[in-house]
Every structure is written in structure tokens, then in C-alpha cells.
Amino acid sequence: FGGDEVGGAGLSATPIKTVALWSGGVKTDANGRVTVRLPAADYNGQLRLIAVAWTDQAVGSGATELTVREPVVAEASLPRFLAPGDRAQAAVELDNVEGKAGAYRIGLTGQGGPRADGARNFDLKVGQRVMTHLDLFGADRPSVGRIDLAASGPGFQTAKSFAIETRPGWGVVAR
């Protein structure tokens, strides 16, 4: 039944992150230009930049897409949840978009319940992308834990954490 017998209850944690950054009001220079610095998000992908401007006489807005990423992108695709005792696989990938060529390592570890103890080594060229699968194991009992991803290579190091819930795959059965 795919875990949908829990009665429609949502997950306490999901391995998905959203990004929303806001600068607040800023003043433009005499040419109507402004530079806004926002903190770099722990995110690799497309973001939409939206600007709204106004004066006493006019209102205007604009939007554009922009790519946010590190020179080497390390990602993990995880299940939305695990059941106690589950064995699953996470897809982990390294994409050397514009980092240095050389030896790279990517691995997963589990904290607070779920287990993931695996790592792989790759020799990556610039522009090369690799993907592999690493084993995940559900906690012995329902809980919320996390999966930590760590990747490193020449001049590159990153770490990310993903919350993941271990819960029964079905709800309480009353007889």
C-alpha cells in the first residue's frame, strides 16, 4: 500500500529543502540601479529572481531565472521516508561542472536512527558527472533522524544534511 494507510498523516520530516530569500526595500542609485547581496543558500539549481520597483509616479517589476551552484555539485536522492528495518538505496552523484580534475570521494552516514555507511571514490575530469547507489537502512523504531552527505576533492569540500523519518508503512489496525 506504499505507506498510504497512515490515514493521510503527513511526514514529520522530508529530505526536501526550499529556498526563499528576501532583501527588503533598497534604494537605487541615480541611474535606477542597485546591487543586492543575499547569503548563498545551500542549494544547487535554478532560482527565480523577482524585483519590484516603485516611485510616486510609477510601478514596475521584472523576473529572471538564475543558476546557483558550486563548481562541483554533490547531491543525494533519498526516499521520502523509511519503515523500521527497511533497506533502500540512495542515488548519490558528483558533477564536476568546473572544478579541478582529480580524485573525489562522496559518502553517506546516518545519524539519530537511520544507517547509511558507504562511500565511493572517483577520478573525475572537468565536465564529468558520475552517479552511484549507496545503501540506507531504516531505524529499528519510528523516529526522525538524518542522512549526512560528505564530498571532497581537489580544492573542494561540501557537507549536507537531510532529515528523514522512519515510520511504520501502515497505520494502527483495530479489530
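An open sheet of 5 strands, arranged in the order S4-S10-S9-S6-S7 with mixed pairing, is found in this predicted model, where strands are DSSP runs of E of at least two residues, numbered from the N terminus, and two strands pair if DSSP finds at least two bridges between them. Strand S4 (81-82) and strand S7 (118-124) form the edges and have a single partner strand each, so one side of each lacks a neighbour in the sheet. Residues are numbered from 1 along each chain as its sequence is written. The model being predicted, local features need pLDDT of at least 70 and side-chain atom pairs count only at pLDDT 80 or more, while totals for chains, interfaces and linings use all residues, and side-chain values use heavy atoms, with hydrogens and water left out.

Within the sheet, strand S6 (residues 102-111) runs antiparallel to strand S9 (residues 143-153), and 7 bridges join them; leucine 108 has leucine 149 in S9 as its bridge partner.

These two leucines reappear in the largest nonpolar core (buried Ala, Val, Leu, Ile, Met, Phe, Trp, Tyr and Cys residues joined through side-chain atoms within 4.5 Å, buried meaning under 20% relative accessible area with a 1.4 Å probe, protein chains only), which has 23 residues, among which Leu94, Leu108 and Leu149 touch the most other members. Two or more residues each are given to this core by strand S3 (72-77), strand S5 (87-96), S6, strand S8 (129-137), S9 and strand S10 (156-166), and the largest share, 4 residues, comes from S5. Beyond its neighbours within four places in sequence, leucine 108 is in contact with residues including Ala76, Val92, Leu134 and Ile147, contact meaning heavy atoms within 4.5 Å.

Terms used
Buried < 20%, exposed > 50% of the residue type's maximum accessible area, 1.4 Å probe, protein only.
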